[in-house]
There are 4 protein chains.
Amino acid sequence: MVGGGPGAFIGDVHRMASRLDGQIELVCGSFSSSPEKSKITGRELFLPEDRVYDTFQEMIEKEKELPEGERMDCVSIVTPNHLHFLPAKLALENGFHVICDKPLTRTLEEAEELERLVEETGLILALTHTYTGYPMVKQARDMVKNGDIGTVRKVYVEYPQGWMTEKIEETDSKQASWRIDPSKSGIAGAMGDIGTHAENLAEYITGQRISELCADLDTVVEGRVLDDDGSVLLRMDGGATGVLTASQVAAGEENSLSIRVYGTKAGLEWHQMEPNSLYVKWLDKPMEVYRTGVGDLYDSATAHTRVPAGHPEGYLEAFGNLYRNFAKCIQARLQGEEPDEQYQDFPTVSDGVRGMKFLYKVVESGKSTQKWTSFDD
Amino acid sequence: MVGGGPGAFIGDVHRMASRLDGQIELVCGSFSSSPEKSKITGRELFLPEDRVYDTFQEMIEKEKELPEGERMDCVSIVTPNHLHFLPAKLALENGFHVICDKPLTRTLEEAEELERLVEETGLILALTHTYTGYPMVKQARDMVKNGDIGTVRKVYVEYPQGWMTEKIEETDSKQASWRIDPSKSGIAGAMGDIGTHAENLAEYITGQRISELCADLDTVVEGRVLDDDGSVLLRMDGGATGVLTASQVAAGEENSLSIRVYGTKAGLEWHQMEPNSLYVKWLDKPMEVYRTGVGDLYDSATAHTRVPAGHPEGYLEAFGNLYRNFAKCIQARLQGEEPDEQYQDFPTVSDGVRGMKFLYKVVESGKSTQKWTSFDD
Amino acid sequence: MVGGGPGAFIGDVHRMASRLDGQIELVCGSFSSSPEKSKITGRELFLPEDRVYDTFQEMIEKEKELPEGERMDCVSIVTPNHLHFLPAKLALENGFHVICDKPLTRTLEEAEELERLVEETGLILALTHTYTGYPMVKQARDMVKNGDIGTVRKVYVEYPQGWMTEKIEETDSKQASWRIDPSKSGIAGAMGDIGTHAENLAEYITGQRISELCADLDTVVEGRVLDDDGSVLLRMDGGATGVLTASQVAAGEENSLSIRVYGTKAGLEWHQMEPNSLYVKWLDKPMEVYRTGVGDLYDSATAHTRVPAGHPEGYLEAFGNLYRNFAKCIQARLQGEEPDEQYQDFPTVSDGVRGMKFLYKVVESGKSTQKWTSFDD
Amino acid sequence: MVGGGPGAFIGDVHRMASRLDGQIELVCGSFSSSPEKSKITGRELFLPEDRVYDTFQEMIEKEKELPEGERMDCVSIVTPNHLHFLPAKLALENGFHVICDKPLTRTLEEAEELERLVEETGLILALTHTYTGYPMVKQARDMVKNGDIGTVRKVYVEYPQGWMTEKIEETDSKQASWRIDPSKSGIAGAMGDIGTHAENLAEYITGQRISELCADLDTVVEGRVLDDDGSVLLRMDGGATGVLTASQVAAGEENSLSIRVYGTKAGLEWHQMEPNSLYVKWLDKPMEVYRTGVGDLYDSATAHTRVPAGHPEGYLEAFGNLYRNFAKCIQARLQGEEPDEQYQDFPTVSDGVRGMKFLYKVVESGKSTQKWTSFDD
């Protein structure tokens with residue numbers, strides 16, 4: 001693991017998620033730019049001292065020298081955005097699979113370079129767009145894919161958070177401070193942090209891709225450089241239209257990602273904060289509430305469920321599904337087998353490149369006086 | 001009453017709403033363009049035959065001749081959009097107050113003419129934007145006005161319906177057929193029918209007015225002339241930004257108007273389909289759920305509540321609030337008194353003009369390749 | 001109308017409910033034991049002075065002398081419990097139909113006497129157990145009746161309110177003061193006020209009748225004489241078992257009547273505070289949410305719905321359904337016709353007698369050390 | 001680990017929960033009464049073959065011989081009820097801490113014997129009443145303890161499930177078959193499986209203990225020996241009264257444990273299926289919704305939360321909290337330290353004995369014709 005030292009939030013999330021199914025064992029790490037802090041984290045994690053490294057370069061070099069079966073199989077990257085690219089690149093170049101937090105990199109060029117590296121090496125790069133790991137998101141995707149709701153016409157996806165309503169970067173929030181800094185975050189703020197999740201979710205469920213967009217990006221809190229809020233009109237390549245909103249100044253909102261998709265036969269509604277329900281609104285019969293573990297769901301939903309109905313599964317379970325699938329694919333690779341189809345269902349380097357492109361296009365549109373910006377130019 | 005004969009939906013709604021508080025009595029009507037049908041409706045309403053008229057012109061003429069105290073005090077207009085203007089004009093010209101369904105007219109010019117007439121005559125014209133009649137909408141408006149949620153930065157208002165998902169105008173839906181016909185509806189479809197409600201609600205609660213907009217209007221179902229779906233980016237004159245969506249092809253949705261408003265201190269959320277709850281999301285304390293009739297609400301909320309907490313009030317009660325207020329203002333006028341401040345709280349001809357302007361601007365923007373269209377040009 | 005003078009809550013509710021559908025006109029009243037107050041209310045209701053009476057005796061006597069077509073057709077009784085019996089009796093004896101608030105009387109004997117009178121006179125007595133007037137309650141009843149959920153095995157009905165948590169009878173609450181007074185309320189407090197609603201609802205929906213019960217009645221707030229809280233184990237004559245709870249000291253609850261009924265095939269759940277949803281939980285397929293006005297409902301639900309789906313109907317509409325049906329039955333009677341089957345669906349004197357018996361049995365069981373008390377002994 | 005071989009559900013749950021925080025490592029096991037099956041599970045768990053044992057006796061004996069630091073520190077027992085006692089006893093007698101599924105044993109005598117053993121040995125025995133592991137349950141308990149809702153007067157706790165509505169024990173449900181068998185389950189069915197959870201939760205939150213009860217136990221599905229449904233009137237030693245229901249024939253219910261507690265100042269409501277919300281209903285101000293991770297919660301809630309607000313934590317996280325606390329207490333013990341107060345918050349052998357006593361008393365009351373059965377006789 002690269003990153004995830006003291007004070008980091010997402011590193012712990014990755015560790016808990018990776019442990020859940022017992023398919024991945026954390027064996028080494030470079031947890032902080034400070035060797036001291038890295039060591040502290042290593043001890044807390046019961047790691048042997050000689051596998052807690054000062055730098056990710058050292059980690060990759062030393063691990064590579066260890067005998068097969070003993071050395072790490074993959075690298076998990078949980079650093080701020082600007083520190084994704086170098087360790088990912090080095091890991092791939094040295095034969096290690098990678099699982100990386102989103103957005104993939106700080107610039108589109110870096111993302112594309114990683115995509116080339118993945119192609120060349122044949123290694124696996126998983127991107128932790130967590131929200132597609134939920135069983136009811138899988139169910140929604142497959143209901144669309146199988147035509148259960150007819151042709152998709154509309155998609156509304158929204159991601160309001162409230163934690164940056166006030167200028168918390170002036171207090172001691174480690175989270176806030178790097179996220180508002182373009183040299184660390186990249187060209188986008190809220191759109192990069194949460195907008196890409198919304199984009200990924202909308203394309204995942206609808207099976208359609210954004211073809212044109214019209215963005216209104218906003219820096220609501222004075223003194224910030226990057227957007228902390230934005231709304232985007234969407235046109236999708238399958239004919240649907242929609243709206244994507246992402247805001248980190250929606251006072252009082254926790255982490256309220258939700259999506260509604262309307263087809264010619266029915267509408268779907270899903271809320272991340274109550275992730276085990278999927279509302280299916282039919283044209284002329286009662287709404288149905290699909291629930292994790294209840295009734296006759298698609299295999300994809302079932303394959304990503306751990307406990308019986310009514311025992312709520314949450315964010316870490318969804319996150320764990322990405323790690324489990326990533327691990328199972330590596331295991332299959334090690335054994336020369338084709339992994340189960342369900343295990344192949346996780347975001348990859350292509351999603352990462354697409355997310356970066358989305359950010360570039362949103363920022364371009366945000367500055368334009370023209371209504372529509374083509375996604376693919 | 002003008003309109004509201006057999007097969008009409010909104011006429012009955014107006015009648016029920018007007019009866020609720022016993023402040024208005026239906027004394028005469030011209031319920032249909034067919035005198036036969038008008039008579040049938042008159043009989044069902046226990047009206048004397050001589051006060052069921054063949055035309056609204058006849059009604060206004062004859063009623064005017066009746067002695068004061070016996071003749072009608074006001075005219076309620078519940079016809080399709082294109083038939084609002086003439087009866088409203090005639091009523092005002094002959095000294096009758098008017099309460100009219102929305103949108104006010106078919107064209108902006110007509111709306112402006114009515115506005116001039118209201119100014120000249122000093123008569124009252126109420127417009128039935130029902131949704132501002134709910135107690136929790138009043139509460140929201142006053143919380144914003146009093147700064148309880150700080151300065152408003154964001155507003156999301158949405159109005160999805162699903163009843164026009166299929167081409168029901170080809171079956172026998174009286175409702176659908178006139179609404180999709182520009183000669184009856186005007187220049188907008190869904191935006192006119194429900195988008196104006198959303199616009200009115202957003203401006204009512206935020207106290208800010210739309211200053212610029214960017215619209216994507218869509219005719220989803222083939223063969224239709226007018227929009228059945230649209231999304232609009234908003235910029236408000238108080239600095240807020242937002243999104244307004246209105247769709248009648250959102251499969252499976254009933255009448256799901258809802259609004260979220262975020263200020264610097266808190267966010268508000270209200271859903272028309274569960275109208276007695278107002279969610280107040282504070283920055284750093286638990287969300288509160290304000291409820292009709294519970295605790296210490298603003299006078300405006302209390303003044304529009306009839307029954308104790310937990311006895312749900314619905315659409316007809318909200319509608320009834322408009323009629324009650326309208327009636328109370330007429331009564332005060334008759335008695336030479338100033339009506340209670342709470343009774344003066346209903347949409348007027350100005351809201352009607354503004355609604356029409358909104359439609360013109362949305363349609364203009366929908367056709368434009370420029371991102372932003374100024375509201376006030 | 002008898003009762004409903006200044007300060008009363010339920011009188012106004014009856015009046016609004018009766019007006020809603022324009023089938024009943026209030027023509028006279030004796031609104032208060034104080035003739036002065038009665039006159040004030042009469043004026044507020046725009047009644048002619050000569051039809052505002054000092055006593056209900058005077059009202060019934062004088063109205064009877066008026067010519068048919070002019071005199072009142074029925075009497076609405078909205079007084080506290082102990083003042084139901086005499087006006088109801090006198091009305092029936094003089095040929096007037098009666099609609100009366102619940103519980104029917106103060107004692108079982110009185111209730112039975114009214115039942116005899118109704119039988120003898122053939123007149124109609126409607127009892128305003130409002131909650132069976134909701135469309136989704138009708139739907140639930142008919143789903144049970146038609147076997148949609150299989151044989152009913154369990155029923156949980158609960159009615160928590162919080163308004164008597166503190167000793168509000170010591171402040172100025174007119175509502176509270178008579179309700180805690182046995183000379184006015186009868187032998188039961190909370191059970192009489194709201195427990196009978198729960199009993200009526202449970203028997204109405206399940207189609208089963210309580211055959212045995214085991215009650216724990218409680219006077220939680222010191223100084224009260226009657227119960228303000230109680231829980232009752234139920235055994236029904238169709239084999240179901242269940243629990244009924246009623247409390248007026250459930251701090252913070254508004255008026256949260258709800259019921260769940262489980263059959264061999266599915267469970268039903270309905271909440272009075274969100275009355276337009278009926279949750280149908282199937283054994284092995286997704287839960288369905290039946291909604292007022294949506295899809296293919298039973299005729300009974302449709303016949304008690306006024307506005308299209310998504311326009312919420314509330315308490316007054318449910319109450320209005322009782323008045324509408326009562327009025328339609330009287331109209332049919334006047335015209336020598338059989339009323340429509342749907343109009344015959346309202347609580348009658350038999351429900352009133354049953355409610356009184358329930359109270360007696362609950363109180364008897366509450367005092368008993370034996371577990372089960374038979375309902376029919 | 002004892003139990004948790006192929007086909008078992010709860011074994012996997014224990015393993016996932018124990019892994020989540022990286023404080024416990026599964027080092028050995030006897031997963032099935034069939035050595036073959038035990039080996040299969042061992043391999044799936046990447047355990048060395050020599051630490052997968054044929055019997056729990058063998059496991060305890062062999063592990064004990066291993067050097068400290070290498071041998072297991074504790075035993076996790078996840079077998080059906082009748083197989084809890086012997087391994088727990090043997091583990092305690094040989095110096096191992098124990099974490100055991102509920103109910104603690106098959107008979108009260110066995111439970112009491114374990115209690116004595118715990119006292120004698122000073123070892124830790126944790127009981128997995130999972131539901132007290134949720135942050136919002138901790139918050140509720142501390143709000144009661146600190147008087148935030150005043151003196152508790154009422155408690156309603158209910159636990160409806162629907163999975164035994166049909167006679168699934170006749171199909172191949174391994175879960176159902178042992179649960180309905182008194183020789184494996186003990187004297188109670190649904191009450192043992194889920195009723196004890198409800199009892200534990202109610203006493204945990206209210207801080208009051210059941211002093212008297214009146215039970216109606218029912219075997220709804222023909223052919224069963226043990227109860228599959230029951231309702232219990234409660235009297236608590238702090239003066240509160242209440243109702244506890246548990247049913248496994250509530251068709252369509254998943255795992256819908258919920259509790260409401262009413263004090264003199266406010267009411268609390270919590271639902272296991274949406275565990276991150278705690279509804280606090282105040283007497284005369286708006287209801288508040290406390291949420292995991294939001295605002296100023298009690299330390300106990302915060303100490304059992306892993307991820308930021310709006311990232312839902314579920315059943316496995318609550319379960320993990322028990323394992324984490326259990327592990328932290330063992331670690332402290334190993335280091336001769338006093339564990340953090342928050343870590344000491346998990347159900348112990350005393351809760352287990354109390355649960356068994358509850359079952360005995362419920363069954364006794366169920367057979368009695370007397371209304372009340374004293375808990376402490």
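Chain D and chain A meet through 31 residues from each of the two chains. That contact buries about 2600 Å², and carbon and sulfur atoms give 62% of the area. Keep in mind that this is a predicted model. Below, we start with this interface, move on to the one between chain B and chain A, and then look at some helices, a histidine and a few salt bridges.

**Where chain D touches chain A**

- Two salt bridges are counted between chain D and chain A.
- One to look for joins the side chains of A:Arg291 and D:Glu254, with N to O at 2.9 Å.
- The interface of chain D and chain A also holds 12 residue pairs in polar contact.
- On the chain D side, the elements giving two or more residues are α1 (10-19) and α11 (315-334). Of these, α11(D) gives the most, with four residues.
- Sorted by class, the side of chain D that touches chain A has 16 nonpolar, eight polar and seven charged residues.

**Where chain B touches chain A**

- Here the contact takes 45 residues from chain B and 45 residues from chain A.
- The area buried between chain B and chain A is about 3300 Å², with 50% coming from carbon and sulfur atoms. B:Arg153, B:Asp216 and B:Lys371 supply 19% of what chain B buries against chain A, more than any other three residues.
- Eight salt bridges are counted between chain B and chain A. In one salt bridge, the side chain of A:Arg235 meets that of B:Asp216 at 3.0 Å, N to O.
- There are 22 residue pairs in polar contact across the interface of chain B and chain A. Several elements of chain B supply at least two residues each to the side touching chain A, including β4 (152-160), β5 (210-218) and α12 (349-367). The biggest giver is β4(B), with five residues.
- By class, that side of chain B has 16 nonpolar, 15 polar and 14 charged residues.
- Another pair worth finding is A:Arg260 and B:Glu158, whose side chains form a salt bridge at 2.7 Å, N to O. A:Arg260 sits in strand β8 (residues 258-263) of chain A and B:Glu158 in strand β4 of chain B, so this pair joins two chains.
- Both partners are tucked away: A:Arg260 is buried with a relative accessible area of 9%, and B:Glu158 is buried at 11%.

**Two helices in chain B**

- In helix α2 (residues 35-44) of chain B, the residues B:Ser38, B:Thr41 and B:Gly42 are buried. They lie on the same side of α2(B), because they cover an arc of only 105 degrees around the axis.
- A general point helps here: an α-helix has 3.6 residues a turn, so residues three or four places apart point the same way.
- Flip to the other side of α2(B) and you find B:Glu36 and B:Glu44 exposed.
- The buried residues of α2(B) pack against α1 (10-19) of chain B.
- Just past the end of α2(B), B:Phe46 has a positive phi of about 60 degrees.
- Helix α6 (residues 135-145) of chain B is another story: 10 of its 11 residues are buried, so the rest of the structure largely encloses it. Among the buried ones are B:Met136, B:Lys138, B:Arg141 and B:Asp142.
- Just after α6(B), B:Gly147 takes a positive phi of about 80 degrees.

**A histidine in chain C**

- C:His97 belongs to strand β2 (residues 97-100) of chain C, and is buried at 8% relative accessible area.
- Residues that C:His97 touches include C:Asp73, C:Leu123, C:Phe326 and C:Arg333.
- The side chain of C:His97 reaches the backbone nitrogen of C:Ile124 at 3.0 Å.

**Salt bridges within a chain**

- Over all chains, the whole structure has 107 salt bridges.
- In one, the side chains of A:Arg51 and A:Glu63 meet at 2.7 Å, N to O. A:Arg51 is in the loop between α2 (35-44) and α3 (56-65) of chain A, while A:Glu63 is in helix α3, 12 residues apart.
- A:Arg51 counts as buried at 12% relative accessibility, and A:Glu63 counts as buried at 0%.
- In chain D, the side chains of D:Lys39 and D:Asp54 form a salt bridge at 3.5 Å, N to O. D:Lys39 is in helix α2 (residues 35-44) and D:Asp54 in the loop between α2 and α3 (56-65), so the pair ties together parts 15 residues apart in sequence.
- Both are partly exposed, D:Lys39 at 28% and D:Asp54 at 32%.

Methods
Residues are numbered from 1 along each chain as its sequence is written. Chains are lettered from A and ligands numbered from 1 in the order in which they are written. This is a predicted model: local features need pLDDT of at least 70, side-chain atom pairs count only at pLDDT 80 or more; totals for chains, interfaces and linings use all residues. Side-chain values use heavy atoms; hydrogens and water are left out. Contact means heavy atoms within 4.5 Å. Buried area is the accessible area (1.4 Å probe) that two parts lose on being put together, summed over both. A salt bridge is a side-chain nitrogen of Lys or Arg within 4 Å of a carboxyl oxygen of Asp or Glu. A polar contact is a pair of N or O atoms within 3.5 Å; within protein, one must be able to donate a hydrogen and the other to accept it, and residues adjacent in sequence count only if both atoms are side-chain atoms. Ala, Val, Leu, Ile, Met, Phe, Trp, Tyr, Cys and Pro count as nonpolar, Asp, Glu, Lys and Arg as charged, and the others, Gly among them, as polar. Buried means under 20% relative accessible area, exposed over 50%, partly exposed in between (1.4 Å probe, protein chains only). The arc is that of the directions from the helix axis to the C-beta atoms.
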